[in-house]
Amino acid sequence: DYPLKTVDQIDSLELPHPRDPARWKGFAEDVTFFREAGYFTAANINGFFSGPHYFCLDYQEFLMSMLLDPPNTKKLIDRVGEWTFAASEEALARGVDCLVLCDDLGSSDNLLISPELYRDWILPWHTRLARLAHDHGAFVHLHSHGDITKIFPLVVSSGVDMLNPFDIYDNMDLVAFLASSKKKPVPVGGCHKFFFQWDMDTQNAYLDDLFKRANAAGAWMFMDTGGIPETITQEAYDNFIFRLGKLKKR
């Protein structure tokens, strides 16, 4: 269930207080524990495009409202944006190394919103968040499924430090992105959507080819597109980890 049925109800939206001390109980202690153990700590936050339809309004209603009621839709985005920004400030103040921002902006073959809407409504939040993180000596890792190639220059301009998942199934070519310019977020990903449905020989050949081409193109990090599936066999998992270990050492 969602608190809003339509965006014109935005003035009735009540959100929990992002700076409530009870919300952050034990957070700083956890960050300290893992940092002292040698971990790179990250706080997950929902994005300025994804957050409204994850928590406040039906997805289809949200997308339609972008065209039918732009003023109230932007008001909702900014309302959620201020909440997310405040929560990010609290997390950074407690020492996290990175903010992982979930903002799925694409489908398998295109953007979910126009480049103009991204530029005018979402990019300012991404830019503001990146500056906040950098002021704290931290990073922003943007997660966006789908083909977002049309807004690559805008995403680069935001100042985010990492971008995932770069699934070639979605036309997100990690190697081509590495070769595109010198100043850009570090691409994270490279795995194919159906990688774990392939046989072992096909998986190994894909990884060998990816690492060979990507390593020659620049700095990147490997990541799967949606987690290790529950159906994977122990043998297949062990082979996956073994192959990554060997490729990493090259």
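Here is a friendly exchange about how some descriptions of this predicted model are reached.

Me: Why is histidine 143 called buried?

Reply: Its relative accessible area is 14%, and buried means under 20%. Because 14% falls under that limit, histidine 143 counts as buried. You will find histidine 143 in strand E3, which covers residues 139–143.

Me: What makes the link between the side chains of histidine 143 and asparagine 164 a polar contact?

Reply: The two side chains are joined at 2.7 Å, and the cut-off is a pair of N or O atoms within 3.5 Å. The side chain of histidine 143 also makes a polar contact with the side chain of histidine 145, at 3.1 Å. Leaving aside neighbours within four places in sequence, histidine 143 is in contact with Leu101, Cys102, Asp103, Asp104, Asn164 and Pro165.

Me: How do you know that glutamine 203 is buried?

Reply: The reasoning is like that for histidine 143: glutamine 203 has 4% relative accessibility, and the limit for buried is under 20%. Glutamine 203 sits in helix H8, residues 200–217. Beyond its neighbours within four places in sequence, glutamine 203 is in contact with Phe195, Phe196, Trp198 and Asn239.

Me: Why are H3 and H4 called oblique to each other?

Reply: Let's start with the geometry. Two packed helices are described by the angle between their axes and the distance between the axes. Helix H3 (residues 59–68) and helix H4 (residues 70–93) pack at about 130 degrees, with axes 6 Å apart. An angle over 145 would count as roughly antiparallel, and 65 to 115 as roughly perpendicular. The value of about 130 degrees fits neither range, so H3 and H4 are oblique. On the H3 side the contact is made by Phe62, Ser65, Met66, Leu67 and Leu68, and on the H4 side by Pro70, Thr73, Leu76 and Ile77. By class, that contact has seven nonpolar, two polar and no charged residues.

Me: And what makes H4 roughly parallel to H5?

Reply: H4 and helix H5 (residues 115–135) pack at about 10 degrees, with their axes 11 Å apart. Angles under 35 degrees count as roughly parallel, so H4 and H5 earn that description. Among the residues that meet here are Phe85 and Leu92 in H4 and Trp121 and Trp125 in H5. The contact of H4 with H5 has 10 nonpolar, three polar and six charged residues.

Me: Why are E1 and E6 called edge strands?

Reply: The open sheet has six strands in the order E1-E2-E3-E4-E5-E6, with parallel pairing. Strand E1 (42–46) and strand E6 (221–223) each pair on one side only, and that is what makes them the edges. On average, neighbouring strands of this sheet are turned by 25 degrees against each other, direction ignored.

Me: How do you know that E1 and E2 pair?

Reply: Pairing needs at least two bridges, and E1 and strand E2 (residues 98–102) have five, in the parallel sense. For example, alanine 43 has leucine 99 in E2 as its bridge partner. H4 lies across E1 and E2, running at about 175 degrees to E1.

Me: What makes strand E5 largely enclosed by the rest of the structure?

Reply: E5 spans residues 186–190, and four of its five residues are buried, so the strand is largely enclosed. Strand E4 (residues 162–164) is joined to E5 by two bridges, and the two strands run parallel. Methionine 162 has valine 186 in E5 as its bridge partner.

Methods:
Residues are numbered from 1 along each chain as its sequence is written. This is a predicted model: local features need pLDDT of at least 70, side-chain atom pairs count only at pLDDT 80 or more; totals for chains, interfaces and linings use all residues. Side-chain values use heavy atoms; hydrogens and water are left out. Buried means under 20% relative accessible area, exposed over 50%, partly exposed in between (1.4 Å probe, protein chains only). A polar contact is a pair of N or O atoms within 3.5 Å; within protein, one must be able to donate a hydrogen and the other to accept it, and residues adjacent in sequence count only if both atoms are side-chain atoms. Contact means heavy atoms within 4.5 Å. Axes are lines fitted to C-alpha atoms, for helices over the stretch in contact, and angles run from 0 to 180 degrees between N-to-C directions. Ala, Val, Leu, Ile, Met, Phe, Trp, Tyr, Cys and Pro count as nonpolar, Asp, Glu, Lys and Arg as charged, and the others, Gly among them, as polar.
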